[in-house]
Amino acid sequence: MNKKTLLFSLLFATIIISCNNDEVETSNDSDEVSTFGIRHDKDLSDYENVAKSNDTSLPNFDAVVNFSYSLDGSSNEDYTASGTLIDTEWVLTAGHNFYDANEQSSPAPLEGIKVKIGNDPNNPDAVYSVTEMILHPTWLAGNQEYSHANDLCLIKLSSPVQNITPVLLFDDGTESLESTVWFCGFGDYSEQAGQDKNSDSKKHAMSNTLDRKVDGFQTSLNGTTYTGGILAFDFDNPNGTINSLGDDHIGGFEDQLGTGASSASALDYEGATVKGDSGGPLFVKDNGVWKLAGVLAGGVTNPIPNHTDGDYGDISIFIRVSSSYDWILSNME
Ligand SMILES: [Ca+2]
Ligand SMILES: [Ca+2]
Ligand SMILES: [Ca+2]
């Protein structure tokens, strides 16, 4: 109902951004330009268009689903999160979407969770309810730190999803550092200029360069030891002056990501991850085939000095699918 207003706002925002660019170039101060989640010289609609492009050279973004849910079992849909169809009736997502042991005495009740298919959760192609939630056992037991690399959750749908091909899982440890990767999710941009505050954000896809892969994080429960891993990338600014995984500043948890290089180049669709993207997929190419290699868990705190969340310098942390492949497969029955 607000389409005309929204379109006008987007055009208006474009004009403002263009003006900023001019100012930046003349003042030679472009590393001071701030943004939220996406390149300041692009619109969110550019990233939404990639997600719905059906470009066969890109990952299958159709398999990325939206969670709209409550934490108390009500139908209020207070929260948004993301996940990926890895089977016609199973979605892989992050455990913290449904169970934060610091905030909840138990995981979110299934009756308050809706799974929405399509690019626009305000007008979904289909909506499914949930019949089963399998949290990683040590996450469920309350071992909820990044350093456990166990922030995973399997969700079973009320019936199989039709007409969408589930993604393949990256099942070995051969993810190529410095390769181009894609992220996709439903992160919340509704408070940004040009967006409708009363609508859920649409599916968007952003690319990046894989900067880190780490393995060997462990948790144990009842005599069973689980091994986890992490993948990570940073959000570079277009003129290459903010390279948070390639600089000397160590943000919170950054030391756990190991050492390595990081390109200072921002890709055309370079982006960060924001609230609501949690649980969404990191796609990495495996011998020419895009596979689900990571599940968004969160970010590094203070990746650069005086950082604002979502701005250039953000570092996104993903639970590594190949490290937890056995657990995922054995629970999806
Ligand atoms: Ca980057
Ligand atoms: Ca970088
Ligand atoms: Ca750094």
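**Exercise 1. Work out which residues M332 touches beyond its sequence neighbours, and how exposed M332 is.**

Step 1: Skip anything up to four places away in sequence, and the contacts left for M332 are D87, W90 and L154. Keep in mind that this is a predicted model.

Step 2: Find M332 in the chain. The residue sits in the segment that follows α4 (325–331).

Step 3: Check a long-range pair. I155 is 177 residues from M332 in sequence, yet their C-alpha atoms are 9.2 Å apart in space.

Step 4: Count neighbours. M332 has 15 C-beta neighbours inside 10 Å, so it counts as partly exposed. The buried label would need 20 or more.

**Exercise 2. Decide how far to trust the coordinates, using pLDDT.**

Step 1: Start with the average. Mean pLDDT for the protein chain is 91, and 91% of its residues reach 70 or more.

Step 2: Look for the weak stretch. Over residues 1–29 pLDDT stays under 50. For that stretch the model has 17 contacts beyond four places in sequence.

**Exercise 3. Test the overall dimensions of the protein chain against a compact globule.**

Step 1: Take the rule. For 333 residues, a compact globule would come out with a radius of gyration near 20 Å; the protein chain has 19 Å, so the two agree.

Step 2: Add the box. Along the principal axes, the C-alpha atoms fill roughly 60 × 50 × 40 Å.

Step 3: Look at burial and contacts. Some 47% of the 333 residues count as buried. Among contacts with a separation of 6 or more, 73% come from residues 24 or more positions apart.

Step 4: Tally the secondary structure. The protein chain has four helices and 14 strands.

Step 5: Bring in the record. UniProt, in an unreviewed entry, places "domain: Peptidase S1" at residues 50–333. That span is 5% helix and 33% strand, with its end C-alpha atoms 33 Å apart.

**Exercise 4. Pick apart the nonpolar cores: which residues have the most contacts inside the largest one?**

Step 1: The largest nonpolar core has 73 residues, and A205, I230, A232, L282, V295 and F318 have the most contacts inside it.

Step 2: Ask which strand feeds it. Strand β13 (residues 289–299) gives the most, with six residues.

Step 3: Zoom in on V295. Leaving out residues up to four places away in sequence, V295 touches L92, T93, A94, L152, G279, P281, F318, I319 and V321.

Step 4: Don't miss the other one. A separate core of five residues lies apart from the largest, and includes F235, A272, V274 and Y312.

**Exercise 5. Show where the buried residues of helix α2 sit around its axis.**

Step 1: List them. In α2 (residues 44–51), the buried residues are L44, Y47, V50 and A51.

Step 2: Measure the arc. They cover only 120 degrees around the axis, which means they are on the same side of α2.

Step 3: Recall the helix geometry. An α-helix has 3.6 residues a turn, so residues three or four places apart point the same way.

Step 4: Find the cover. Among the elements over the buried residues of α2 are β8 (180–185) and β9 (204–209).

**Exercise 6. Examine the positive phi values of E77 and F253.**

Step 1: Set the expectation. Most residues other than glycine have a negative phi.

Step 2: Take E77. Its phi is positive, about 50 degrees, although E77 is not a glycine. E77 is in the loop between β1 (64–69) and β2 (79–87), and with 16 other C-beta atoms within 10 Å it is partly exposed.

Step 3: Take F253. Its phi is positive too, near 80 degrees. F253 is in the loop between β11 and β12, and its 20 C-beta neighbours inside 10 Å make it buried.

**Exercise 7. Place S263 and N302 in their loops, and find what each touches.**

Step 1: S263 is in the loop between β11 (224–234) and β12 (281–286). S263 touches E178 and T209, not counting residues up to four places away in sequence. It has 18 C-beta neighbours inside 10 Å, so it is partly exposed.

Step 2: N302 is in the loop between β13 and β14 (315–320). With the same sequence exclusion, N302 touches G251, G252 and H307. N302 has 16 other C-beta atoms within 10 Å, so it is partly exposed.

Note on methods:
Residues are numbered from 1 along each chain as its sequence is written. Chains are lettered from A and ligands numbered from 1 in the order in which they are written. This is a predicted model: local features need pLDDT of at least 70, side-chain atom pairs count only at pLDDT 80 or more; totals for chains, interfaces and linings use all residues. UniProt positions are given in the numbering used here, feature names are shortened, and annotations may be inferred rather than shown by experiment. Helices (H or I, at least four residues) and strands (E, at least two) are DSSP runs, numbered from the N terminus. A nonpolar core is a set of buried Ala, Val, Leu, Ile, Met, Phe, Trp, Tyr and Cys residues joined through C-beta atoms within 7 Å. A residue is buried if 20 or more other C-beta atoms lie within 10 Å of its own, exposed if 12 or fewer, and partly exposed in between; C-beta atoms are placed from the backbone. Two residues are in contact if their C-beta atoms, placed from the backbone, lie within 7 Å. The arc is that of the directions from the helix axis to the C-beta atoms. The radius of gyration is taken over C-alpha atoms; the globule rule is 2.2 Å times the number of residues to the power 0.38. pLDDT is the predictor's confidence in each residue, from 0 to 100.
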